[in-house]
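The following report describes selected local features of one protein model, moving from individual loop and helix residues to a sheet and the nonpolar cores.

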Amino acid sequence: MTQAEREQENGKEREKEREKEKDKDQQRGVKRPIVPASIPESLQEQIQTNFVVVIHPGSRTLRIGRATDTLPVSVPHVIARKHKQSGQPKHEDPWLLRDGLNKPESNEQRQNGLKMVEQAIWSKKMSTGLRRTPVSAEQARSYNRQVRPAVLDSSSRLKWTNTGQQPQYLVGDEAVYVSPSDGYDVHWPLVRGHLNVHPGPGGSLTAVLADLEAIWGHVINKQLEIPLKDLKYYRCILLVPDIYNRQHIKEMVNMLLLNMGFSAIIVHQESVCATFGSGLSSACVVDVGDQKTSLCCVEDGVSHRNSRLCLSYGGADVTRTFFWLLQRAGFPYRECQLSNRLDCQLLQQLKELFCHLNQDISGLQDHEFRTRFPEAPALLYHIRLGDEKLQAPMGLFYPTTFGIVGQKMTSLPYRSQGDPEDPHDEHYLLGTQSKQDQVTAEPSDPHSQGEMELGPAQAECLMGPGEAEEQQPSALLSRKSAIMGQFESKALGLDKAILHSIDCCASDETKRKMYSSILVVGGGLMFHGAQEFLLHRIINKMPPSFRRLVDNVEVITRPKDMDPWLISWKGGAVLACLDTSQEMWIHQREWQRFGVRMLRERAAFVW
């Protein structure tokens, strides 16, 4: 009998003993409080980390592996599902396209953003002390329009995924390379860090969760080589965003413990895991992903709630903007379409190959790239580019360049709406405070007024010093609601968002710590020169009072020389080895009995 089986058997025996004791107490008329069962002593033994699976689900990439693995398996977080009937209309979730791009004001907004980018490029001097000479798109366009591709090979040797066996679904790269004529719908189950629930085909919560289960189960089975029937011997660590949808997290835990059958789970925040993975005790964590950018100040393993901020843009928006700039410069691959998933993949590769944030690189340069598509010849293109390579990533600092109109661009934490399975939540705690606490809390406690989670520090950040205290509760709520609505409709640049997040920390000492440790993770800012560029902008924009207090502003992009996209997953693996994480495990039988209340009891963050 394995250690895990012995644990399970011992746990069952103890559960039976507790039930017998409870029955006896009830017969004697003893009332016991309804609290989650304590962790059986047998489960407090040293956990075998090779039996812990760490899952970091991103909007574009899934990272998953054993806690003992050096690197996780990384696959496109996508599934292609076979049509149930022939002739069924094809549905494909967009890759680079998004809502808000085709509004009447979109193009004007893009042009205005580009002007601000050009002004910023000109105003910052190069290391030589000289200003950059601007390069217009017209200079490159006349050359690029004359370019004709050279045929490298009559066949690219790249094949569509073989669907001869009519599989019900395909996962990862196989889904990316499924032929549009093979009768499959393509779904990305996460969008901007949340479950991709939408009114179209495959957009119900049940369907999205089924897609997640199919993708994760396939990767665990095929690439980690763990039979799904053996997951009862494994535990799971799930990384979640700092600003999360409670209902979605609950459903994902339900899926992992009850549907997939993991024996136990820890749910933890990406930002805190990033500090574990980088070996830092405190940091302002800036996670630039493909579709969202999250910011949060973390101190000694605790995420400061008021400092959390989520920006609804990321690397994919830079890629799309780069395509727009390439078109202005006469992009020679004229058939490129944002609605074609293989073209989207090519554009992402070109962005990673050409774009940078190094102001010393100036003038026109000649480049080349290859296109390889199934059932088409392999082609070689030459292209001449100038400032486009710098302008596209600068969209992260001037997000109006992305041309997104009428969308919520900034998210702050919201209070829970309540859950019938969790009666002793924060609403209950607020409602059962002593009368004295209520009297003292009522004038100043923003939580007693409405559903928005805006602490005193954040209220002051948005409303100005002292303004929050001066207003009556009802006026304070309406004023804050209006300000919050305006704030969330604005697209904050990355540097301003960092300053805002740090400014929402409670003490000057904490702020000083955060300025000296700005940790950039995720794959969205992996451009040459990004570290120096971001550092320059932070120092120039930080409050003058803090320039005297902070000895050293530091931007960290590769801690321990690790790839930034790997750091949060690595932190999840570190978490599996910590003694302090023992009390954070939620076991399958506890979840079955107490449900979402276990997250409030065991999560290392305020649920």
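Helices and strands are here taken as DSSP runs, of at least four residues for a helix and at least two for a strand, and they are numbered from the N terminus. The model is a predicted one. In these terms, D99 is placed in the loop between β4 and α2, and H83 also belongs to the loop between β4 (79-82) and α2 (106-123).

**Three polar residues**

The accessibility of three residues, two from this loop and one from helix α8, is set out below.

| Residue | Place | Relative accessibility | Class |
|---|---|---|---|
| H83 | loop between β4 and α2 | 12% | buried |
| D99 | loop between β4 and α2 | 57% | exposed |
| D317 | helix α8 | 2% | buried |

H83 counts as buried because its relative accessible area of 12% falls under the 20% limit for that class. Its side chain makes a polar contact of 2.7 Å with the side chain of D185, and, when residues up to four places away in sequence are not counted, H83 touches Q88, P89, K90, G183, Y184 and D185.

D99, in turn, is exposed because its 57% relative accessibility lies over the 50% limit. The C-alpha atoms of D99 and V405 are 8.3 Å apart in space, although 306 residues separate the two in sequence. Leaving aside neighbours within four places in sequence, D99 is in contact with I404 and Q407.

D317 has contacts that include I404 as well, alongside R98, D290, S312 and F402, again leaving aside neighbours within four places in sequence. The side chains of D317 and R98 are joined by a polar contact of 3.1 Å, while the side chain of D317 also reaches the backbone nitrogen of G314 at 2.9 Å.

**Helix α6**

Helix α6 (residues 246-259) has 14 residues and, at 1.5 Å a residue, should span 20 Å, so the 19 Å between its end C-alpha atoms agrees with that expectation. At its N-terminal end, N245 acts as a cap, with a side-chain oxygen 3.0 Å from the backbone nitrogen of Q247; just after the helix, G261 adopts a positive phi of about 90°. The buried residues of α6 are R246, H248, I249, K250, M252, V253, M255, L256 and L257.

**An open antiparallel sheet**

Three strands, in the order β5-β17-β16, make up an open sheet with antiparallel pairing. Because β5 (150-153) and β16 (365-371) stand at the edges with a single partner strand each, one side of each has no neighbour in the sheet. Direction ignored, neighbouring strands of this sheet are turned against each other by 30° on average. Between β16 and β17 (residues 378-385), which run antiparallel, there are seven bridges, and in β17 the bridge partner of R370 is L380. Helix α9 (residues 341-354) packs on the sheet, where it touches β16 and β17, and its direction makes about 150° with that of β16.

**Nonpolar cores**

The largest nonpolar core holds 83 residues, of which V286, F331, L357, M394, I498, I518 and L525 touch the most other members. Helix α8 (residues 315-328) supplies the largest share of this core, with seven residues. I498 touches C284, V286, L295, I518, L534 and I538, not counting residues up to four places away in sequence. Apart from this core lies another one, of 45 residues, among them L190, V208, V253 and M255; V253 and M255 are also among the buried residues of α6.

Conventions. Residues are numbered from 1 along each chain as its sequence is written. This is a predicted model: local features need pLDDT of at least 70, side-chain atom pairs count only at pLDDT 80 or more; totals for chains, interfaces and linings use all residues. Side-chain values use heavy atoms; hydrogens and water are left out. Two strands pair if DSSP finds at least two bridges between them. Axes are lines fitted to C-alpha atoms, for helices over the stretch in contact, and angles run from 0 to 180 degrees between N-to-C directions. Contact means heavy atoms within 4.5 Å. The expected span of a helix is 1.5 Å times one less than its number of residues. Buried means under 20% relative accessible area, exposed over 50%, partly exposed in between (1.4 Å probe, protein chains only). A polar contact is a pair of N or O atoms within 3.5 Å; within protein, one must be able to donate a hydrogen and the other to accept it, and residues adjacent in sequence count only if both atoms are side-chain atoms. A nonpolar core is a set of buried Ala, Val, Leu, Ile, Met, Phe, Trp, Tyr and Cys residues joined through side-chain atoms within 4.5 Å.
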